[in-house]
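Here's a quick briefing to read with the model open beside you. It goes topic by topic, so feel free to jump around.

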Amino acid sequence: MKSITSRDNPLYKRLKALAGSTAHQRRSGHALLEGLHLADAYLDAAGQPETCVVTEGALLHDEARQIVARIDSARVYTLPDALFQQLSSLVHGVGMVLLVDKIVAPLPERIIQTCVVLDGVQDPGNAGSILRTAAAAGIQNVFCMPGTVYAWSSKVLRAGMGAHFLLNIFEDVESMDLVTRFSDHVPIAITDSHGAKALYDCDLSGQLAWVFGNEGAGVSQVWRDSARLRVTIPQPGGMESLNVAAAAAICLFEQVRHGR
């Protein structure tokens, strides 16, 4: 275990640059996992991180010490709490950050199982919540179209609560390319408030490609033209629409109820 004592430390500078820029994280192919829950989930699913940075104060906590004990000591760095504050966006978290390579899987040639497509979902909380729901529903693949928030950003990771390590997440996939990869028995499904069939009246027992669109504009025209199933979620309370993460949860678990 090594110590970082100065802002001039090269590793500290690197971590601070990554923490301050989602674009820098995307270009580097790395992710910063903040907090004990994400650290634990990553170690369970993926093994050793590139680096673990933990504050001196965090090492007073039993859970933090247990996590550190699982990591190769050569990968662990301690630093003062004051320095750590510039690496973390958590207000009341325990001081631990893991630097990891984002997990990248090859794009499947043929898509034969239920999956989720994020078509321009821009809010990190919404994106992370949908990833968490997809993982809970037993879905394996999530495809992110250009214009979707960076799936491995710190805010999406926090909202996902470890879902990233249970999913294959594919980013910047072109819509037309993806459409051609769907098997004939995996119809594309979208939510549509106009002229669509009520979700609870649909047969959802087969495989589906669920497309959830931008918070303001909805699903783009490519997916509207390709959709074979259009569903609406009944809203007897009279609201015009649901939050996209809430809509995704309702759709995915209604499909689970049908016994997918």
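Let's start in a loop: Asp-172 sits in the one that links S8 to helix H8 (175-179). Keep in mind that this is a predicted model. From that loop we move on to the two sheets, the helices lying across them and the nonpolar cores.

**Two loop residues with positive phi**
- Asp-172 isn't a glycine, yet its phi is positive, at about 55°.
- With a relative accessible area of 45%, Asp-172 counts as partly exposed, because that class covers values between 20% and 50%.
- Met-161 is another non-glycine with a positive phi, again about 55°.
- You'll find Met-161 in the loop that runs between helix H7 (154-160) and S8.
- Met-161 is partly exposed as well, at 37% relative accessible area.

**The seven-stranded sheet**
- Seven strands make up an open sheet with parallel pairing, and the order to trace is S8-S7-S6-S11-S9-S12-S10.
- At the edges are strand S8 (168-170) and S10, each of which pairs on one side only.
- Strand S6 (residues 115-119) runs parallel to strand S11 (residues 209-213), and five bridges hold the pair.
- Within that pair, look for Asp-119 opposite Gly-213 of S11.
- Strand S9 (residues 188-191) is joined to S12 in parallel by three bridges, with Thr-191 partnering Val-231.
- Strand S10 (residues 197-198) also runs parallel to S12, through two bridges, and here Lys-197 has Val-231 as its partner.
- Which side chains of strand S12 (residues 229-232) are buried? Leu-229 and Val-231 are, and they point to one face, while Arg-230 and Thr-232 point to the other and are not buried.
- That fits a general pattern: in a regular strand, side chains alternate between the two faces of the sheet.

**Helices on the seven-stranded sheet**
- Helix H6 (residues 124-136) lies across S6, strand S7 (141-144) and S8, at about 175° to S6.
- H10 lies across S6, S9, S11 and S12, and its angle to S11 is about 165°.
- Val-244 belongs to helix H10 (residues 244-257).
- Is Val-244 buried or exposed? Its relative accessibility is 13%, so Val-244 counts as buried, the cut-off being under 20%.
- Beyond its sequence neighbours up to four places away, Val-244 touches Asn-126, Ile-130, Phe-212, Gly-213 and Glu-215.
- Val-244 and Gly-218 lie 26 residues apart in sequence, and their C-alpha atoms are 8.9 Å apart.

**The five-stranded sheet and helix H1**
- The other sheet to look at is an open one of five strands, ordered S1-S4-S3-S5-S2, and its pairing is mixed.
- Its edge strands are strand S1 (2-3) and strand S2 (30-34), each pairing on one side only.
- Strand S3 (residues 51-55) and strand S5 (residues 96-101) are antiparallel, with four bridges between them; Thr-51 stands opposite Leu-99 of S5.
- Helix H1 (residues 10-19) lies across S2, S3, strand S4 (76-79) and S5, at about 90° to S2.
- Buried residues in H1 are Leu-11, Tyr-12, Leu-15 and Leu-18.
- Those buried residues line one face of H1, because they fall within an arc of 125° when you look down the helix axis.
- What do the buried residues of H1 pack against? They pack against helix H2 (22-28), S2, S3, S4, helix H5 (81-84) and S5.
- Where H1 starts, a side-chain oxygen of Asn-9 comes to within 2.9 Å of the backbone nitrogen of Leu-11.

**Nonpolar cores**
- As a general backdrop, nonpolar side chains in soluble globular proteins tend to be buried together.
- The largest nonpolar core has 57 residues, and the members touching the most others are Met-96, Leu-98, Val-116 and Trp-210.
- A second, separate core of 18 residues includes Val-117, Phe-182, Ile-188 and Val-211.
- Leaving out neighbours within four places in sequence, Met-96 has a list of contacts that includes Leu-33, Leu-36, Cys-52, Val-54, Ile-67 and Phe-84.

Terms used:
Residues numbered from 1 in each chain as written. Predicted model: local features only at pLDDT ≥ 70, side-chain atom pairs only at ≥ 80, totals over all residues. Heavy atoms only, no water. Core = buried A, V, L, I, M, F, W, Y, C linked by side-chain atoms within 4.5 Å. Buried < 20%, exposed > 50% of the residue type's maximum accessible area, 1.4 Å probe, protein only. Contact = heavy atoms within 4.5 Å. Pairing = 2+ DSSP bridges. Axes fitted to C-alpha atoms, helices over the stretch in contact; angles between N-to-C directions. Arc of directions from axis to C-beta. Polar contact = N/O pair within 3.5 Å; in protein donor to acceptor, adjacent residues only side chain to side chain.
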